[in-house]
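Student: Could you take me through one part of this structure slowly? I would like to see how two helices can meet.

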Amino acid sequence: MSKMIPSNIGEEEAKKSHAEAMVFGWLKEMTWGNATVLYSLPLKEHIRNSFGEIDFVVICDEGILCIEVKGGTVERRDGQWGYTNRYGNTTWKSQGPYIQAQGNMKSLRQYLEKHLKIDDPILDCRMACCVITPDCIITADDDTEIIPDISFNASMKPSDLPKVFERCFKYWSEKKRYAGKGGLNSKSKDRLVSFLRGDFSFVPALSVLLDRSEEQLLSITSEQYQIIERMCINDRMMIEGGAGTGKTVLATEQCRKSAIVGEKVLYLCFNHAIASFIREVFSSESDKPDIDVYTFHELLMKLCGEKYVGDERDEYFQNELPYKFLDEFAATLADDCKYDRIVIDEGQDLMNLNAYLCINELVKGGWENGKWTIYYDPHQNLFVENNEFQEIWETLKKSSFIFPLTINCRNTRQIAEGNYAVTHVYRSINPRAEGEEVAYKTYKNKADERNQLFEMIRWLKSNGISKKDIVILSYYRLDNPESCLYNTDIPVDIGRIKFNVLSDFGKCKDLRYYTIQAFKGLEARAVIMIDVDSFSDEGKRYLNYVGMSRAKTFLTMFYESGLYQERQQRLLESLV
């Protein structure tokens, strides 16, 4: 089979050109020529036009072949070319597909001559072009321009493609004596693919494909518009949405709107990483809105005059600190120290009795009469007992309006569907962008996983993905022997890997490593999940859901090879 770049054609592209989608499938199944096929390549430098595009470039043992695809009915009449689509609409143009194919081929040749050294063996390879009309046999009132030797039409079968391609190379090499006479060896083919993808930007490299996906994800949804409209008229709101539905975006926007009208506003969350990120977001804005940003425990420690000394005891944070605030400080807390509005992000982590009682003392009017909004995802409840969560939720909904968010604005369809297939936690109803398929990699042992991880990082970097956009997630900290990076010397070409970066997110240029728990609420362009050792354990199933949903446009998961059948079973169950 041919190697296709990109590996799949998106739904939007397939809708625009059924013919190109059909030819894409034929080329993908083709076993001729050890070919790599580049799809939809924009030509920045064209001999006739200011801009052009090659439908397909086949880089193979024979050389370089440029393909022009025309769907529907194609005809030539009175010197004009007519193109009739599947809806019966005809467009007339002066330029035919054969002229287009030759122009693209010669433009590519010109570019290679301009940028490669004169003795580069690539310049001595054969070049050819052809025209594929999969829906028709071209009709004409004369035979001008039509070249049967470089034509593939509806009378032929996909299995005829190799024979047609060989005829094309023979036509241009022997009849027209165009370009070189040799073929391409494996090294030259790989080098040419890298050159065209990287320097010339013919093919959308992975970085470009991820950019396209992110553009689709960033636009605001109708659901989010409705909630923004209601922010000013509803004092108490509960916004429920799965991972990637835009809760944090809305939470920060609500903080801004409230601060603008003079309210004393608190953005409250559980996670240190997301609090640091939101502080950085607000401080980077030109008007620097006056908004307090704290984790729940940071705020209690400040109010109680406590200092963090590295004590991570669950008992201290869960009980001792809240009790101290309630017993010694809550009753004497001055009204001007309380908040006009509290916006709680990742609220499922704070739906426990102690947090409920403390927050009641922090907002003017308390839960019943105060101004507050909770953004939450019940599926990401990693820290609160479910019965306690349900009890708090039932109490709060009596005095608030509940709004759902369903449109996934973070994850591509492939990531959202892959997440559900593995975890069965939450099925994203409306993922709004296409992207790369999730890559699942099995490892035999920690050393094997580590080597594969380094190769994946190298591959991402070679495809234009910046190190700062790559996040490694694990169940385990770096100092835990269960992590494949435990006590490991990182290769020089990989660079530094920073653990649990909690500030200056925008300035960090290195790879970052977090536990899934620490990265909850945040997101990254490319996520590599490592050390996955269970798909069925209840706690790790939810961790897998959280970890996978952090990826915006690219996701790779490394899991133990012994779990292959377990993963396959979950995939089958998800189909049911």
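Tutor: Happily; here is a close look at one pair of helices.

Before we start, note that this is a predicted model, where local features need pLDDT of at least 70, side-chain atom pairs count only at pLDDT 80 or more, and totals for chains, interfaces and linings use all residues. Residues are numbered from 1 along each chain as its sequence is written, and side-chain values use heavy atoms, with hydrogens and water left out.

The chain has 19 helices and 22 strands; helices (H or I, at least four residues) and strands (E, at least two) are DSSP runs, numbered from the N terminus. Two packed helices are described by the angle between their axes and the distance between the axes.

Our pair is helix H15, residues 413-423, and helix H19, residues 564-575. Their axes come within 7 Å and cross at roughly 110°. Here, axes are lines fitted to C-alpha atoms, for helices over the stretch in contact, and angles run from 0 to 180 degrees between N-to-C directions. That crossing makes H15 roughly perpendicular to H19, a label used for angles of 65 to 115 degrees.

Which residues meet? From H15 come Tyr-420, Ala-421, Val-422 and Thr-423, and from H19 come Arg-570, Leu-571 and Ser-574. Contact means heavy atoms within 4.5 Å. The residues of this contact divide into four nonpolar, two polar and one charged. In this scheme Ala, Val, Leu, Ile, Met, Phe, Trp, Tyr, Cys and Pro count as nonpolar, Asp, Glu, Lys and Arg as charged, and the others, Gly among them, as polar.

How values were computed. Angles under 35 degrees count as roughly parallel, over 145 as roughly antiparallel, 65 to 115 as roughly perpendicular and the rest as oblique.
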